[in-house]
Amino acid sequence: MQAWQVHEIGEPREAMRLTETERPTPGAGQVLLRVRAAGVNFPDALLCRGQYQIRPPLPFTPGVEICGETADGRRVIATPALPYGGFAEYALADAAALLPAPDALDDAEAAVLHIGYQTGWFGLHRRARLQAGETLLVHAAAGGVGSAAVQLGKAAGATVIGVVGGADKAAVARELGCDVVVDRRAEDVVAAVKQATGGRGADVVYDPVGGDAYTQSAKTVAFEGRIVVVGFASGTVPSPALNHALVKNYSVLGLHWGLYNTKNPELVRHCHEQLTGLAARGVIRPLVSARVPQEEAAAAVQRVADGVTTGRIAVVPTPRNGAAA
């Protein structure tokens, strides 16, 4: 089979190499899946750079979420078991963690539903307890993680303010349903959010960026507001001033979605049921900005690493002779 492999740590465009290799053999409790589509995520770039919290042995295949097909023809979504990730014709996954792919979504959309939307659901509902009528501020609102949070915030009945970088991304954020869009390259984010909220600030801030975005979050969060720390796409991990949280009376909430797979897998399945229902009603639909062939996977991961994408990119392998599951 064809698979992208990382033999040396580095930037995705240099570290990833498309090779011919043997299909992986499932271990205990695992299943072999034919990859129908694989979502490109920022963690894939971190894996290539050796900066992710999980460091699989070399060589490994990145690709942390897929829509796959079982040997008996079931369409499922899964988080592949590294080192046999999703940028390949076949991947391994834990059989107990497989989830049915929603009928309302095609392969690419189903592949990118998993991590981004589960992270958004857990961040907004489990951690921040977002309520209808509250104001939600989403950083990087046109990106993969941010776009999911925007849709989920609107589905929950919140007023959504999206922060983006550039006019093109501002247009995407408006199409996603943001009530207010702030272009950080052309506007003062703090002033714009204060103006949009009558000086009160946002009840919930969803921050996958870190760095300067977190500083803005602390300045724009409302009384009894909640800042959900999702990631650090900026590359800078902030150091929150806890005296500021005390004086202003807000909460800083961390979210590591992957822990729920081991700490509370039943809740992961419950979340998937909620997302499947929202997709069936057309309330949410992953924004797949590009579907690329297997040969372009490394370039796609690099684009995500460079922060130049909107929505999500999905890698869609072309089945070859003998490649059926």
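Helix 2 and helix 12 lie roughly perpendicular to each other. Their axes, for residues 42–49 in helix 2 and residues 297–306 in helix 12, cross at roughly 100 degrees and come within 8 Å. That crossing falls in the 65 to 115 degree band, so it counts as roughly perpendicular. A word before going further: this is a predicted model.

Which residues make the helix 2 contact with helix 12? From helix 2 come Phe-42, Asp-44, Ala-45 and Arg-49, and they meet Val-301, Val-304 and Ala-305 of helix 12. By class, the contact of helix 2 with helix 12 holds five nonpolar residues, two charged ones and no polar ones.

Let's turn to the aromatic rings. Searching the whole structure gives two aromatic pairs, set out here.

| Pair | Centre to centre | Angle between the planes | Geometry |
|---|---|---|---|
| Trp-121 and Phe-122 | 5.2 Å | 80 degrees | edge-to-face |
| Phe-122 and Tyr-260 | 4.2 Å | 35 degrees | tilted |

The pair of Phe-122 with Tyr-260 links distant parts of the chain: Phe-122 sits in helix 4 (residues 114–127) and Tyr-260 in helix 10 (residues 260–263), 138 residues apart. Through these ring pairs, Trp-121, Phe-122 and Tyr-260 join into a cluster.

Are the rings of this cluster buried or exposed? Trp-121 has 12% relative accessibility and therefore counts as buried. Phe-122, at 0% relative accessibility, counts as buried too, and Tyr-260 is also buried.

Phe-122 turns up again in the nonpolar interior. In soluble globular proteins, nonpolar side chains tend to be buried together. Here the largest nonpolar core has 81 residues, and Phe-122 is among those with the most contacts inside it, along with Met-16, Phe-87 and Leu-136. A second core, separate from that one, has 16 residues, including Val-189, Val-193, Tyr-214 and Ala-218.

Tyr-214 and Ala-218 also bring us to helix 8 (residues 212–220), where they are buried together with Ala-213, Gln-216, Ser-217 and Thr-220. What do the buried residues of helix 8 pack against? Their helical partners are helix 7 (189–196) and helix 9 (242–248). On the strand side, the buried residues of helix 8 pack against strand 8 (135–139), strand 11 (202–207), strand 12 (221–229) and strand 13 (251–254).

Note on methods: Residues are numbered from 1 along each chain as its sequence is written. This is a predicted model: local features need pLDDT of at least 70, side-chain atom pairs count only at pLDDT 80 or more; totals for chains, interfaces and linings use all residues. Side-chain values use heavy atoms; hydrogens and water are left out. Axes are lines fitted to C-alpha atoms, for helices over the stretch in contact, and angles run from 0 to 180 degrees between N-to-C directions. Helices (H or I, at least four residues) and strands (E, at least two) are DSSP runs, numbered from the N terminus. Angles under 35 degrees count as roughly parallel, over 145 as roughly antiparallel, 65 to 115 as roughly perpendicular and the rest as oblique. Contact means heavy atoms within 4.5 Å. Ala, Val, Leu, Ile, Met, Phe, Trp, Tyr, Cys and Pro count as nonpolar, Asp, Glu, Lys and Arg as charged, and the others, Gly among them, as polar. Buried means under 20% relative accessible area, exposed over 50%, partly exposed in between (1.4 Å probe, protein chains only). Rings of Phe, Tyr and Trp (its six-membered ring) pair if their centres lie within 6.5 Å; planes under 30 degrees apart count as stacked, over 60 as edge-to-face and the rest as tilted. A nonpolar core is a set of buried Ala, Val, Leu, Ile, Met, Phe, Trp, Tyr and Cys residues joined through side-chain atoms within 4.5 Å.
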